[in-house]
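This report describes selected local features of one protein model. Please view the sequence and the structure together.

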Amino acid sequence: MDLTGKIIVSQPTLEDQRFFKSVIYMCAHSKEGSMGFIINKKIDFDLYPDLLKQIGIDKTHNNKKLFFRYGGPVESSRGFVLHSDEEISKDSLKISKGVVLTSTVEFFDELIKGKGPKESILALGYAGWGPGQLEGEILQNSWMPLSVDNNFLFDNEVSNKWNEAYEILGVDPSKLSIFSGRA
């Protein structure tokens, strides 16, 4: 199972509140571990000036507001940009067709100047799992993997993304049982 470039959707019974009703885009998944970004949780505050300075940005162009997402609990003070692939730096990591990850200050600076890729998700922190940990959580029915297109990924309407993922799956999350088994 390779989840790189796919999303995982938290089950309604997931008890870890940090991931309650989360949709995570998986950037890496291998036997060494996994890494992804929660794409459906906005950070609801203006990012002036302390947070921008924390990630190495002094000011925005024309006081442009930037909105970040809570990417996950690991390295929550570190910024990342998950973006479309028409703009790629030498330090960018290609994830899947049309999706790239970049985390350099120079790339953030370009975004602030109004330049950069057409589509982007700015995230603080990430979600990470050790070797075999995510597979174990999937077997315990904590997560449901799903392939989606880039329109779903970069859609700025994040408040209903968890429900939309279940609609794509054709599943009503309120009808899921807390009990499960394996055949």
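The sections below cover the β1–β2 loop, a residue of strand β5 and a charged surface patch.

## Basis

The model is predicted.

## Loop between β1 and β2

The loop that joins β1 (7-10) to β2 (23-30) contains S22. S22 has 0% relative accessibility and is therefore buried, since the limit for that class is under 20%. The side chain of S22 has a polar atom 3.1 Å from the backbone oxygen of F19.

K21 is also placed in the loop between β1 and β2. Its relative accessibility is 36%, so K21 counts as partly exposed. K21 is not a glycine, yet its phi is positive, near 50 degrees. Most residues other than glycine have a negative phi.

## Positive phi in strand β5

E75 belongs to strand β5. This residue, although not a glycine, has a positive phi of about 50 degrees. With 41% relative accessibility, E75 is classed as partly exposed.

## Negative surface patch

D85, E86, E87 and E110 form a negative patch on the surface. Of these residues, E87 sits in the loop that runs between β5 (74-84) and β6 (93-96). The relative accessibility of E87 is 36%, so E87 counts as partly exposed. That value satisfies the requirement for patch members, because they must have over 30% relative accessible area.

How values were computed. Residues are numbered from 1 along each chain as its sequence is written. This is a predicted model: local features need pLDDT of at least 70, side-chain atom pairs count only at pLDDT 80 or more; totals for chains, interfaces and linings use all residues. Side-chain values use heavy atoms; hydrogens and water are left out. Patches are made of residues with over 30% relative accessible area and no salt bridge: like charges are joined within 9 Å, nonpolar side chains (Val, Leu, Ile, Met, Phe, Trp, Tyr) within 5 Å. Accessible areas come from the Shrake-Rupley method with a 1.4 Å probe; for residues, only the protein chains shown count as cover. A salt bridge is a side-chain nitrogen of Lys or Arg within 4 Å of a carboxyl oxygen of Asp or Glu. Lys and Arg count as positive and Asp and Glu as negative; His and the chain ends are not counted. The place of a charge is taken as NZ of Lys, CZ of Arg, CG of Asp or CD of Glu. Helices (H or I, at least four residues) and strands (E, at least two) are DSSP runs, numbered from the N terminus. Buried means under 20% relative accessible area, exposed over 50%, partly exposed in between (1.4 Å probe, protein chains only). A polar contact is a pair of N or O atoms within 3.5 Å; within protein, one must be able to donate a hydrogen and the other to accept it, and residues adjacent in sequence count only if both atoms are side-chain atoms.
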